[in-house]
Amino acid sequence: MFVLFPIYLMLIYLSLNMESFIFLWLLMELNSLIFMFMIMMELNKLMNLNSLILMFIYQMMTASFLFIFLFLIMNYNNNMMTYMIYILLFIKLGLSPFHKWYKFTLMNLPWNMCFMISTIYKIMPFIFFYKLMLENNEFLINMSLISIFLSSFKALMTKNIKMIFTYSSIIHINFMIIMMMININYMLIYFMFYTCLIFFFCYFMLKFQINYNFDLFTLGNNIYKIMIFLNIMSMMGMPPSLMFMIKYLIYSYLINNYSLLLSMLMMMMNIFMMIFYLLMSLPLMININLNCNFYLKTNKLLNKKEKLCFYLNLIFIFMSPMMLMLI
């Protein structure tokens with residue numbers, strides 16, 4: 001895995017300056033193959049091969065159709081061809097309602113690979129979206145809203161942490177796509193902070209082998225409960241966290257450029273997302289006893305990575321308005 005990862009990052013760097021869609025498609029598919037090899041090297045024989053085969057089939061079918069439509073768009077440059085490419089990129093990203101392979105794969109991956117496929121793997125399709133994006137993107141916004149709507153409701157009907165993580169990832173990716181249409185710099189900031197939050201979340205889930213909501217009851221240490229709770233509050237976009245401030249920009253853009261109804265729908269779906277995050281964090285709020293020695297215990301019991309997680313989450317929550325003003 002460590003041998004292939006620098007190659008993977010190099011291909012992402014090359015794609016940033018690539019103007020040809022055909023060469024960009026080629027780099028994206030090479031990245032997909034390298035990522036699948038990384039999964040195989042990481043998991044060896046322990047993985048359920050059905051999920052990897054399903055991922056391979058979806059990626060190869062999407063790549064084939066994407067190649068065809070890229071040639072068609074060169075000769076018949078119209079919006080319909082662009083919309084078809086948008087749909088294919090949604091399939092490649094694993095966004096609702098085309099998320100079957102993504103959900104099935106994440107359920108069979110360890111938490112460290114869940115982090116990879118939810119963040120770094122998404123970069124190349126994002127670059128493709130950005131280079132292809134039209135001036136009028138109502139179709140893309142409507143697709144993102146439908147995806148957020150479906151994922152929000154499905155997340156409420158499960159108690160599996162990985163399943164909740166999957167739908168949460170889908171929702172955040174859709175917010176990033178909408179943010180990309182508003183301001184690419186804000187989208188990059190969103191992606192950067194989201195990556196940090198997901199890294200710490202996956203780190204704790206892997207460390208304590210947490211797979212279901214009731215597994216969080218087994219956390220006996222109050223410090224870890226507080227850290228995971230802060231991480232979840234940042235991910236859900238609770239005011240005044242940085243995620244909330246960035247989503248506020250999305251709502252303002254939709255109100256000014258589209259309609260109040262669309263913005264209200266997104267707010268309602270964001271409330272649904274907050275509900276399933278709160279249900280997930282409910283076990284963490286039970287039997288937490290803080291005393292005057294909490295800060296001393298935090299310094300003694302946590303390693304450097306965990307201390308970084310603790311203080312960064314505090315920054316994301318309480319310093320976000322100031323940070324947004326400096327952007």
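**Entry 1: ground rules**

Buried means under 20% relative accessible area, exposed means over 50%, and partly exposed is in between, all with a 1.4 Å probe and protein chains only. I tried this on L188 to begin with: at 49% relative accessibility, L188 counts as partly exposed.

I noted that this is a predicted model, in which local features need pLDDT of at least 70, side-chain atom pairs count only at pLDDT 80 or more, and totals for chains, interfaces and linings use all residues. Residues are numbered from 1 along each chain as its sequence is written, and side-chain values use heavy atoms, with hydrogens and water left out.

**Entry 2: the whole chain**

I looked up the secondary structure next and found 16 helices and 0 strands. Both are DSSP runs numbered from the N terminus: helices are H or I with at least four residues, and strands are E with at least two. Of the 327 residues in the chain, 53% are buried.

I also checked contacts, meaning heavy atoms within 4.5 Å. Among contacts between residues at least 6 apart in sequence, 77% join residues at least 24 apart.

**Entry 3: S15 in α1**

I picked S15, which is found in helix α1 (residues 4-16). Is S15 buried or exposed? Its relative accessibility is 0%, so S15 counts as buried.

Leaving aside neighbours within four places in sequence, S15 is in contact with L24, L27, M124, I127 and K131. I also looked at S15 and W25: they are 10 residues apart in sequence, and their C-alpha atoms are 9.2 Å apart in space.

**Entry 4: α7 and L132**

M124 and I127 sent me to helix α7, where both are on the list of buried residues, along with P125, F126, F128, F129 and L132. That helix covers residues 123-132, and 7 of its 10 residues are buried, so the rest of the structure largely encloses it.

I stayed with L132, another residue of α7. L132 counts as buried because its relative accessibility is 8%. Not counting residues up to four places away in sequence, L132 touches F21, I73, T82, I85 and Y86. T82 is 50 residues from L132 along the chain, yet their C-alpha atoms are separated by 7.7 Å.

**Entry 5: a salt bridge**

I searched for salt bridges, where a side-chain nitrogen of Lys or Arg sits within 4 Å of a carboxyl oxygen of Asp or Glu. How many are there by this rule? I found 1 salt bridge.

The partners are E29 and K92, whose closest N and O atoms are 3.3 Å apart. E29 belongs to helix α2 (residues 21-43) and K92 to helix α4 (residues 79-93), so the pair ties together parts that are 63 residues apart in sequence. I checked their exposure too: both E29 and K92 are buried.

**Entry 6: a cis bond, then two packed helices**

Most residues other than glycine have a negative phi, and most peptide bonds are trans. I was pleased to come across a cis one, from S96 to P97, with omega near 5°. P97 is found in the loop between α4 and α5.

I then turned to helix α5 (residues 100-107) and helix α6 (residues 111-118), which pack at an angle of about 155° with their axes 9 Å apart. The axes are lines fitted to C-alpha atoms, for helices over the stretch in contact, and angles run from 0 to 180 degrees between N-to-C directions. This makes α5 roughly antiparallel to α6. My note on the words: under 35 degrees is roughly parallel, over 145 roughly antiparallel, 65 to 115 roughly perpendicular, and the rest oblique. On the α5 side, W101, Y102, T105 and L106 make the contact, and on the α6 side, C114, I117 and S118.

**Entry 7: cysteines**

C114 made me look for disulfides, which are pairs of cysteine sulfur atoms within 2.5 Å. The structure holds 0 disulfides. Why does C114 have no such bond? The closest cysteine sulfur, in C202, is 6.1 Å from the sulfur of C114, which is too far for a bond. C114 is buried at 1% relative accessibility, whereas C196 is partly exposed, with a relative accessible area of 28%.

**Entry 8: α10 and a loop**

L188 lies in helix α10, so I went back to it with a ruler. The expected span of a helix is 1.5 Å times one less than its number of residues. For α10 (residues 184-208), with 25 residues, that gives 36 Å, and its end C-alpha atoms are 36 Å apart, which agrees. Just after α10, Q209 takes a positive phi of about 55°.

I finished in the loop between α8 (138-155) and α9 (161-182), where M157 lies. M157 is exposed, with a relative accessible area of 67%.
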